[in-house]
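Subject: Structure handover and notes

Dear colleague,

I am passing on the structure we spoke about, together with some notes on what I found in it. Please have the model open while you read.

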Amino acid sequence: MSSPASSPAVRHNTARHYGSVAKGFHWLTALLMLAVFPLGYFANDLAHHIQSADFDGAQATLTRAALLFSLHKTLGLALFLTALLRILWALSQPKPVPLHPERRAETVLAEVVHWLLYGALVAAPLTGWIHHAATTGFAPIWWPFGQDLPFVPKSEAVAAVFGGLHWLFVWTLAVALGLHIAGALKHEVVDRDATLRRMLPGRAPEVTAQTETPHGALPFLVALAIWGLVLAGGGAFGLYAPHSHAPADTAAGHGHDHDHEAGTDTDTMPAGSWVVQDGTLAIAIVQMGSEVRGQFDQWQASIAFEEPNAPGPAGTVTVSVAIPSLMLGSVTDQAMGPDYFDSASYPTAEFRAEIEKLAEGYIAEGTLRIRDQEVPLRLPFTLDLNGDTAVMSGSAEVNRLDFNIGRGVQDEGSLAYAVTIVVDLTASRAP
């Protein structure tokens, strides 16, 4: 009979050797990690530059950042799927015996590192994928199945939690990978055994181990305890908290507070005045082929309206918007920069209009001021009147270049010119 060293490579593991399938998964995982780590590093470095006050709005920088992030996300998803398949295959196969089973502590440590690796290989890309699905940022994943995930809402709070988890798990993966590589090199250079060589492609080397060490619960429990410490440490350092902007799921409550501020002087309001009780003021724009949605957390509306018997003038409206309150997912800080809204210099936008009843529906026609530009705007809307309560919904489209927003980005493939403004509110007649 031929020896293991001279036998052809087989697909399945044995008690002493890894099969070709396990080897293939191992080295494919290694290649994906070697690509994903530097891509993530350089993409984040560019993102920090884009969000800084020094960024000049250069189109080439934005395009490069989007490319790096899309590559990172796409290969990260490939890593996640590969890791799942690798783990499922490993669970169905015998694990080759350690070559030095008498070194109990070393064997347990190697098992712990393997459990950490397996966990991080799934958790790091999965949390990154959930973070991507919860945000409204650019840089899509390059695959045909969309950018959203079931049961994952577009939420700053959800994005913050999973962004923090992703950061933790990436570092856990990096540490576990470093320990794994160090162990492999120790076996090759110090012990001079076949531990590393039996994972290399090709024919299996000769090994001398005769007994198989059964899997115990201790390495898994130790790895589980380490995961608990990692998660607790992330919470202690506040890694799961939203950043500088409020969670999207609190926007409705904030909107109510700000509308209440707009109506605090109800005793001095003229007849026909309305007080906004609840509502949202949102925008949408296409960036790098993906729609980015956001909304303003702080805005006030002053409305005077009397329903006419026939089409004609019906009142006036003035809306004041706090630009820094915009929540626009991962590109919020970029939107506040000097080449875009320049919120430091122009913190407020304003819409002033006359309201007119049409044969069908209504329209608010006036001017919208953003930054130092004032542009005519017609906002068609529907209105449902029920006694002293009115429910309004409307939308309009503007060109960002009319307001000198993103003048450095002239390519519509990178950032569309058209911006959709959507208003929904519920108002009650002032006493």
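Which residues make the nonpolar surface patch of about 370 Å²? Before the reply, please keep in mind that this is a predicted model. The patch is made by Trp 115, Phe 220, Leu 221 and Leu 224, and the element that gives the most to it is helix 5, residues 218–236, with 3 residues. Phe 220, which is found in helix 5, has a relative accessible area of 36% and is therefore classed as partly exposed, that class lying between the 20% limit for buried and the 50% limit for exposed residues.

As for the chain in general, the protein chain has 7 helices and 10 strands, and buried residues make up 45% of its 431 residues. If one takes the contacts between residues at least 6 apart in sequence, 69% of them join residues that are at least 24 apart. The accessible surface of the protein chain comes to about 21,900 Å², and 63% of that surface belongs to carbon and sulfur atoms.

Helix 3 may interest you for its geometry. The helix runs over residues 104–134, and at 1.5 Å a residue its 31 residues should span 45 Å, a value with which the 44 Å between its end C-alpha atoms agrees. Helix 3 also bends by about 25° at Ala 120.

In helix 1, residues 20–50, I looked at Ala 22, which has a relative accessible area of 12% and so counts as buried, the limit being under 20%. Leaving aside residues up to four places away in sequence, Ala 22 touches Asn 13, Trp 89 and Met 199. The C-alpha atoms of Ala 22 and Gln 93 are separated by 9.0 Å, although these two residues are 71 places apart along the chain.

Turning to charged pairs, the structure holds 12 salt bridges, and I describe some of them here. Glu 306 forms a salt bridge with Arg 429, in which the closest N and O atoms are 3.7 Å apart. This pair links distant parts of the chain, since Glu 306 sits in the loop between strand 3 (299–305) and strand 4 (312–322) while Arg 429 belongs to strand 10 (residues 418–429), 123 residues apart. Both partners are partly exposed, Glu 306 with a relative accessible area of 43% and Arg 429 with one of 31%.

Glu 307 and Lys 357 also meet through their side chains in a salt bridge, at 2.9 Å from N to O. Here too distant parts of the chain are linked, with Glu 307 in the loop between strand 3 and strand 4 and Lys 357 in strand 6 (residues 348–357), 50 residues apart. Is Lys 357 buried or exposed? Lys 357 is buried, with a relative accessible area of 18%, whereas Glu 307 is partly exposed at 35%.

A further salt bridge is made by the side chains of Arg 378 and Glu 365, again with an N to O distance of 2.9 Å. Arg 378 lies in strand 8 (residues 373–386) and Glu 365 in strand 7 (residues 362–370), so this pair ties together parts that are 13 residues apart in sequence. Glu 365 has 38% relative accessibility and counts as partly exposed. In addition, Arg 103, Glu 106, Lys 186 and Asp 191 are linked in a network of salt bridges.

Lastly, there are backbone angles that you may wish to see for yourself. Phi of Phe 151 is near 70°, a positive value in a residue other than glycine, and Phe 151 has its place in the loop between helix 3 and helix 4 (156–191). With a relative accessible area of 85%, Phe 151 is exposed. Asp 342, likewise a residue other than glycine, has a positive phi near 50° and is found in the loop between helix 7 (332–335) and strand 6. Asp 342 is buried, however, with a relative accessible area of 14%.

With best wishes

Definitions and conventions:
Residues numbered from 1 in each chain as written. Predicted model: local features only at pLDDT ≥ 70, side-chain atom pairs only at ≥ 80, totals over all residues. Heavy atoms only, no water. Helix = DSSP H or I, 4+ residues; strand = E, 2+ residues; numbered from the N terminus. Expected span 1.5 Å × (residues − 1). Bend = angle between axes of the 7 residues up to and from the residue. Buried < 20%, exposed > 50% of the residue type's maximum accessible area, 1.4 Å probe, protein only. Contact = heavy atoms within 4.5 Å. Areas by Shrake-Rupley, 256 points an atom, 1.4 Å probe, with all protein chains shown as cover. Patch = residues over 30% accessible without salt bridge, like charges linked within 9 Å, V, L, I, M, F, W, Y side chains within 5 Å. Salt bridge = Lys/Arg side-chain N within 4 Å of Asp/Glu carboxyl O.
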